Amino acid sequence: MIRVLPPWLRSGRVLAGLVIVAIIGLCAVFAPYLAPHDPNEQNLVSTLLPPAWTEGGDVSFLLGTDSLGRDVLSRLIYGARVAMMVAVFASLGAMLLGAVLAYIAGYFGGRVDALIGRAVDVWMSFPPVVLSLILMVGLGVGLRNVILAIIVVDWTRFCRVLRAEVMVVARKDYVSAARLVGFSHWRTITREIVPATLPLLITLVSLEMGIAVIVEAILSFVGMSVSATTPAWGQMVADARQYIYDNPWNLMFPIFTIFLAVFGFNMLGDGLRRTLDVRVTATQRV
Amino acid sequence: MSMDMLIAKDLAVSAALADGTVPVIQELNFSLPQGKILGLVGESGAGKSMIGRTVAQLLPPGFAVSSGELMFNGQDLVRMPAETRRELLGREIAFVPQEPLSGLNPVLTIGQQIDEHLARLNVGNRRERRARALDMLAAVHLPRPADLLGKYPHQLSGGMCQRVLIAMAFASRPKLLIADEPTTALDVTIQARIVQLIAEMQRNEGTSVIFITHDLRLAAQICDSIMVLYAGRPAEYGPAREVFARPAHPYTRCLQLSNPSMSGSGRGLYALPERMPGLSALKGINGCLFGPRCPSVVEACNRRQPPYVASENGHLAACVRCETTPAIAAPALVDVGAPVLGEPLLKVEGLTKTFRIDSSFFRRSDFTAVKDVNFTLHQNEFIGIVGESGSGKSTVARMMCGLEKLTAGSLTIAGRDVSDGSKASQAHQRAHVQMVFQDPQSALNPRRKVASIVTQAMEATNDGDWGERLARAEALLSEIGLPPEAATRFPSQLSGGQKQRVNIARALCVAPNILVADEIVSGLDVSVQAQLLNLLLRLRRERHFSMLFISHDLSVVRYLCDRVLVMYRGEVVESGPTAEVFADPRHPYTRTLLAAVPPDDPSAIWKPQPVEGESAAVCEAMVANA
Amino acid sequence: MLTTIIPLIGRRLAISVFILLIVSVLLFLVLHVLPVDPAAMSMPPTATIAEIEAKRIEMGLDKPLPQQYLIWLSQVLHGDFGTSIHFRRGVLGLVLDTLPATIELAVLSMIIASVLGIVGGLVLFHVRGTRKEPAMDFGSILLLSIPEFLWSLFFILLFGVALHVLPFTGRLDPDMRLPLGTGFLLFDSLAAGRPDIFWSAVKHMILPCFALGIAFSPTIMRVLRSSLIDVYQEDYIHLARLRGLSERRILVRHALKNAILPTLSLMGVQFGFLFGGTLLVEVIYSYPGLGNLMVDAVRNADLPIIQAVGLAYCLVVLVINTVVDTFYLVLNPKLRIR
């Protein structure tokens, strides 16, 4: 069965990662249909209920309720929206910014490269968590600002890794050959260099999605992410932490969900790295 | 009593590949007496390096000795326990590798690495080891050994690293030395010195040597006996001079005839068709492995592997048609005499290129790669530029096609001065000059099909749809001798020689007047090289273009080029018609360069310039006095 | 060796100062486009608009931005980082009170991450090609996916709540007092001759430091493993075998010495991230360090603290990078000597 799939898909990791990401994606997209309750609906009678299968649980609140009586399962499903939005848009944005600069720096070299390199150095002397926090202070809360903050912080990660690869490819003779037959700089980059670095780019995007989920969770944990009315996993963790002795389950579920999302993206990224890496060096030393 | 140091009896090594076991080495039989040198000659893929690995029993995973014996000094190497064998390595059996620069640990000093080696040899205490190390380095003629001990490998040149490795190999006075292409990665003049050094050390210590090389002429000079390998099976084995002067096996003879000679014998190159079968192709051949390419092949050859036929003085050949070998001759040269030269196409005056090295924030040093070069290239003319690494020849090539801008001087192509580097000049340059790159691996985009690569010039001008491009590609491919099916393949499906042809086809797409070929046959097998050189000559006849041929290989330049420029450290030290320059070199550097090539006649005495420090110091003195 | 290193380190330090300056400018810019008005924040809710305006002028918020920056810069160079709006104390004092705690936490975590990373990397390398490899590789990806704040919470659940063996709040037992001194508790407590405080401090540091250390070790493991694999392809390793050196000697003296270089490079970057990770870990463990200070300041829009703490984080990361670069220079002769 596995032979039917295209080569880049033929990996347990890629499939597993895709499945996990797909599940979370589906939750995000179809949240209103999947969630049993309104995530913000408070039930002050039944607060801090444990999951349905334990003693004291209620079947209508499958995973229990939080301190304000809101259904944990629904909040998790709706929380997937924030997580996926951030994951997709922030990583794509960071990729665009970082990749464009990386191509320019790696291809043209010289002063342009030095300038961009210095900028990356300055950026990376700041711990990303701290920087994103400060940016949120400056920008104010909201989903759009979270995405923007992550883009501004994480583009350096893309830039640095990609630049090294671009420099290797740009030195190859076939790039010079393209210039020799009259390709413009733009054409050379898009037709010769970008395809060569595409596998790395895809892998990095996948890994970046996992990182974006983590950063968003951290920001919502300290209350500097989306507004309080939007369910977010990090926020759920922060709330649950205060009632850790009363209902430890409230803490475990969002922790597990965050972990699962990151794990899915990491598996996907790692699997793609292996399947897309066509660096076949057939050196037979006979 | 002269005991045989290394004896191979019907040794066979096979590899477990995906679709079955394949013989990598078969029927290997030789005996190496004490103090003698055995040359293992073959093209790449013939299995010569595998023998070195077999002696050390460090075969790649999946490879194993399948039958036969390998006896070292009476001990069975193959069945010996690993610990015993490890005791022998580095002590009684030593190795000299192909790539000296990467053979030393980059984060340890030379002194530390020698000290480690000597400690293993149980040479006394630290002080004694240091004294011994200094002796060792002096014995290989390295200047200022005390300073050298504190240096790191990246501070040394390739030649110096190789001397250190040779010193370490001989430190234990080994009984057997295996030198695996020890000079292939080095410059020509350094090659000669290193080979001489090995011969000298070998004489002093009485070591038996297995000298692995692809150069038959070199082996004939320094080895006592030669074994020629083809696809893992010995083709010929006998005394060195004998094998060279009177080869019995057709392959040996063809190999000789594929090598251009330094004296310009007036013959063409014998180009064996296709190439030596690789591991996976070996399974399909029942008869003689060389049969498909052999000029003397008959029906009997294809039925079974030919047995070894002995002639007098122990000269063995695996062929049933040995009597036809002396008759195999190279084709005559089609263009006899100097070609008719046309207009001057390219004129270079005062060409200079200086690179800026920003080593730190404040210091900025300049490096002059090319200094004041002048020459004129006429239509139909092939000019060769020879020199060693650092001579600036590649930089000159890149300036010709516009990949590097000129720092000073003028470059006139087809009557128009293109030195300003403007857009119009660049376009003019591109239309007249095209480059064929050296490394086929990095010169072809692995993601493009061959047709797309070859017609890339059409893509730049959006000229023609895919159908037209495919047609044009097929036409170009047939011109350079590839079948039209190759057009839809990817580079990874082609061999090295085929890739290089695609390279040439790409350059020919815009029909330039001038081709610049930068080391395009280096690193290719002799037979493939011969094919390409003949192709270039044929193309010249058909298309009448000129070529600037950059190479470090003097014999190739002798064969191909009408005029030659000799470059040293960025300057042209000598120039003129090839035959004249080679026959009667004026400049001391040219003389050194030519003397470094082993002579065509193995009975002639080979004397590269005497060693007094590195070649650079000698020549610098000469240049200063000239 | 020293003569070659010192100019390179000197250059690094000069660049670091330059970077610090740029970071301060960027910080200033980001924080002064706030939607919140610091003047209004520092006045009681009953203040009138005129009073708030007066406060604004008093705080210098009416002047043009570059001028505000230069004023701030000149104050900083005199050691005056301003006064906290919320705590009503000097900012420098607040930062110096909390910085040692965070540094202690970070250093211990880095040690744990290094040890785990190197040992794990060696183990991963050792099992390559065997049947255990896929499982261990999978395990390392699993570990990679658990960020430090999840480890922190998990440890609290397991060791704090369920098993009740380790404390997870604060720096010391509630009844103990901080001894006076440098602020580095482990040092101060021993210097003051109070082993009980020392042990209490250690116990409180175990969970946060292991959370950070374990979280950052998988990357180090994987890089060490792939570096070792790359190094073993090199010619000099093959030649060392041909010289008869034992596998153990080859691993330690030749392979590791080379493979440690890219690993060290990565560790430098990772430790920068690790230091940033202390922020959240401190919040989760209610550990009185820079992180908690920052989060409080963020919640209160306390600009002077945010600026100063931001700079402090940046400074420490630059120090970490310089230290790692120095190690790298010592170990890699190609960079020192042309």
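## Exercises on a predicted three-chain model

Among the contacts of chain A that link residues at least 6 apart in sequence, 70% join residues at least 24 apart. The model is a predicted one, and the exercises below should be read with that in mind.

**Exercise 1. Describe chain A by its secondary structure, its extent and its burial.**

Step 1. Chain A contains ten helices and zero strands, and from the N terminus on its elements accordingly read α-α-α-α-α-α-α-α-α-α.

Step 2. The C-alpha trace of chain A spans about 75 × 50 × 35 Å along its principal axes.

Step 3. Of the 286 residues in chain A, 52% are buried, where a residue is buried if 20 or more other C-beta atoms lie within 10 Å of its own.

**Exercise 2. Work out the strand order of the four-strand sheet in chain B, and explain why one side of S2(B) and of S5(B) is left without a neighbour.**

Step 1. The sheet is open, its four strands follow the order S2-S1-S4-S5 (chain B), and the pairing is antiparallel.

Step 2. Strand S2 (20-33) and strand S5 (75-76) of chain B stand at the edges and have a single partner strand each, so one side of each has no neighbour in the sheet.

Step 3. The partner of S2(B) is strand S1 (residues 4-17) of chain B, to which ten bridges join it in the antiparallel sense; within this pair, Ala8(B) has Phe30(B) of S2(B) as its bridge partner.

**Exercise 3. Trace the eight-strand sheet of chain B, and determine which residues cover the faces of its edge strand S6(B).**

Step 1. This open sheet has mixed pairing and the order S6-S7-S8-S3-S9-S10-S12-S11 (chain B). Its edge strands are strand S6 (93-96) and strand S11 (309-311) of chain B, each of which pairs on one side only. Neighbouring strands of the sheet are turned by 20° against each other on average, direction ignored.

Step 2. S6(B) pairs with strand S7 (residues 176-180) of chain B in the parallel sense over four bridges, and the bridge partner of Val96(B) in S7(B) is Ala179(B).

Step 3. In a regular strand the side chains alternate between the two faces of the sheet. In S6(B), Ile93(B) and Phe95(B) lie on one side and Ala94(B) and Val96(B) on the other; all of these are buried, and both faces of the strand are covered.

Step 4. Further along the order, strand S3 (residues 37-41) and strand S8 (residues 208-213) of chain B run parallel and are joined by five bridges, with Gly39(B) standing opposite Phe211(B) in S8(B).

**Exercise 4. State how far the confidence values support a reading of chain B.**

Step 1. The mean pLDDT of chain B is 86, and 94% of its residues reach 70 or more.

Step 2. Over residues 619-626 of chain B, however, the pLDDT is below 50, and this stretch has five contacts in the model beyond near neighbours in sequence.

**Exercise 5. Set out the composition of the sides through which chain A is touched by chain B and chain C is touched by chain A.**

Step 1. In the first interface, 15 residues of chain A are in contact with 22 residues of chain B. The elements of chain A that give two or more residues to this side are helix H7 (173-180) and helix H8 (185-221), and H7(A) gives the most, with six residues. The residues of this side of chain A divide into nine nonpolar, two polar and four charged.

Step 2. In the second interface, 41 residues of chain C are in contact with 35 residues of chain A. Among the helices of chain C that each supply at least two residues are helix H1 (2-31) and helix H11 (247-284), and H11(C) gives the most, with eight residues. This side of chain C comprises 35 nonpolar, six polar and no charged residues.

Step 3. Within the second interface, the axes of helix H5 (residues 128-139) of chain A and H1(C) come within 8 Å and cross at roughly 35°. Ile134(A), Leu135(A), Val137(A) and Gly138(A) of H5(A) make this contact with Leu27(C), Val30(C) and Leu31(C) of H1(C), and the residues divide into six nonpolar, one polar and no charged.

**Exercise 6. Is helix H4 of chain C well covered or hardly covered?**

Step 1. Helix H4 (residues 65-77) of chain C has 13 residues and reaches 18 Å from its first C-alpha to its last, close to the 18 Å expected at 1.5 Å a residue.

Step 2. The count of buried residues among these 13 is zero, and H4(C) is hardly covered. Just after H4(C), Gly79(C) takes a positive phi of about 90°.

How values were computed. Residues numbered from 1 in each chain as written. Chains lettered and ligands numbered in written order. Predicted model: local features only at pLDDT ≥ 70, side-chain atom pairs only at ≥ 80, totals over all residues. Pairing = 2+ DSSP bridges. Axes fitted to C-alpha atoms, helices over the stretch in contact; angles between N-to-C directions. Expected span 1.5 Å × (residues − 1). Buried ≥ 20, exposed ≤ 12 C-beta atoms within 10 Å, placed from the backbone. Contact = placed C-beta atoms within 7 Å. Nonpolar A, V, L, I, M, F, W, Y, C, P; charged D, E, K, R; others polar. pLDDT = per-residue confidence, 0-100.
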